[in-house]
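The walk below goes from one buried side chain out to the helices, the cores and the salt bridges. Please keep the structure open while reading.

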Amino acid sequence: MNTNKATSDLKSAVEQAGIAAAEAEAAEESALHAEAAARDARIAVEKMEAAAAEAKASIELFELCTAVLLACGAICAGLAGYQNGLWNGNAVAQFTKASVQTTKAASSAAMANAFISHDLHVYIEAKRIIWQGLLSKRDSPERDVFMHQAALLLLHELGPVAYKDLKLPSEAERTAKVVGSDDIAEEDLSPLTQSELTPEYYEAMYRASRAESDKAQEIISQASSTSTVGDQFSLASVFFTISLALAGIGLVFKTRVRWSFFFVGLAIFVYATFYMVRLQWA
């Protein structure tokens, strides 16, 4: 009976030893799993820290790039606006000069019209008097008076351009100025009844006003070109403003989409810079 009890105690001790060994093995396995879990957790934490550091570095890089783009865009936009102001100021000055020149051309044309009107009046009156003289008796005092009146009008009242255009004798004009003899031969006066002032006369009378008008048109053309350059700088300023707006919008986003706004803004900035550099600067 004692033997059975000893055997039973031995079996129980063996079972307990097996259980203890199993528990020890399980504990050891649990420790290994815990160590592996801790290692995995540490690796995960390290990855998260690395990702956070990378994200922070990316954000700092984006903010740096955006700040540089905003600064460059603002400077270039201000420069474009300054050039636009200079060119527009020059255009205003040129348009003012063109206005003055146009007024001078109009004044010259009005003066030419007045001289032409005067010459025509004198010429028509002289022609009427010559007709009266030709209708009078030859070698009569009345005929001589009419011819002398006509010569007096032509020599002292008719403009020099009209006088030359009617092919009147230059010697008679010189004698009237130097000696005071107001006389033109009847054979020189008679053809006037069948003649007219030629287109060359009108061309000569309007030559000064046309020259003034051409000069005014040239100044207006220069002013228009100057104003166009100013508009081109204004357009460059608009491009720079758009690039600034896109770069600024990118600061709102926290994902990678912010780089899309930055690169689009950068592309517009580069295009605007090349566009502005190729313009004519004041």
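**From a buried arginine outward**

Arg143 is buried, with a relative accessible area of 5%. The model in which this value was computed is a predicted one. The side chain of Arg143 has a charged partner: Glu186 forms a salt bridge with Arg143, and their closest N and O atoms are 2.5 Å apart. Since Arg143 belongs to helix 2 and Glu186 to helix 5, this pair ties together parts that are 43 residues apart in sequence. Glu186 itself counts as partly exposed, at 22% relative accessibility; the cut-off for buried is under 20%.

Helix 2, which holds Arg143, covers residues 141–156. Its 16 residues reach 22 Å from the first C-alpha to the last, close to the 22 Å expected at 1.5 Å a residue. Besides Arg143, the buried residues of helix 2 are Phe146, Met147, Ala150, Ala151, Leu154 and Leu155. Seen down the helix axis, these buried residues fall within an arc of 160°, so they line one face of helix 2. The spacing has a general background: an α-helix has 3.6 residues a turn, so residues three or four places apart point the same way.

Leu154 leads from this face into the largest nonpolar core. That core has 24 residues, and Leu154, Leu158, Ile184, Leu189 and Leu192 touch the most other members. The elements that give two or more residues to this core are helix 1 (2–135), helix 2, helix 3 (160–165) and helix 6. Leaving aside residues up to four places away in sequence, Leu154 touches Ala126, Tyr163, Leu168, Ile184, Leu189 and Leu192. A second core, separate from this one, has 18 residues, including Cys76, Phe239, Trp259 and Ala272. In soluble globular proteins, nonpolar side chains tend to be buried together.

Trp259 and Ala272 are also among the buried residues of helix 8, together with Arg258, Phe262, Gly265, Phe269 and Met276. Seen down the axis of helix 8, the buried residues fall within an arc of 150°, so they line one face of the helix. Helix 8 spans residues 257–277; at 1.5 Å a residue its 21 residues should cover 30 Å, and the end C-alpha atoms are 31 Å apart, which agrees.

A loop residue comes next. Thr193 is found between helix 5 (186–189) and helix 6 (199–205). Is Thr193 buried or exposed? Thr193 is buried, with a relative accessible area of 12%. Its side chain reaches the backbone oxygen of Ser190 at 2.8 Å. Not counting residues up to four places away in sequence, Thr193 touches Lys127, Ile130, Trp131 and Leu134.

How many salt bridges does the structure hold? There are four, one of them the pair of Glu186 and Arg143 described above. In another, the side chains of Glu125 and Arg128 meet at 2.4 Å, N to O. Glu125 and Arg128 are three residues apart in helix 1, which means that about one helical turn separates them. Both are partly exposed: Glu125 has a relative accessible area of 26%, and Arg128 has one of 39%. A further salt bridge joins the side chains of Arg210 and Glu203, also at 2.4 Å, N to O. Arg210 is partly exposed at 43% relative accessible area, and Glu203 is partly exposed at 37%.

Notes. Residues are numbered from 1 along each chain as its sequence is written. This is a predicted model: local features need pLDDT of at least 70, side-chain atom pairs count only at pLDDT 80 or more; totals for chains, interfaces and linings use all residues. Side-chain values use heavy atoms; hydrogens and water are left out. Helices (H or I, at least four residues) and strands (E, at least two) are DSSP runs, numbered from the N terminus. Buried means under 20% relative accessible area, exposed over 50%, partly exposed in between (1.4 Å probe, protein chains only). A polar contact is a pair of N or O atoms within 3.5 Å; within protein, one must be able to donate a hydrogen and the other to accept it, and residues adjacent in sequence count only if both atoms are side-chain atoms. Contact means heavy atoms within 4.5 Å. The expected span of a helix is 1.5 Å times one less than its number of residues. The arc is that of the directions from the helix axis to the C-beta atoms. A nonpolar core is a set of buried Ala, Val, Leu, Ile, Met, Phe, Trp, Tyr and Cys residues joined through side-chain atoms within 4.5 Å.
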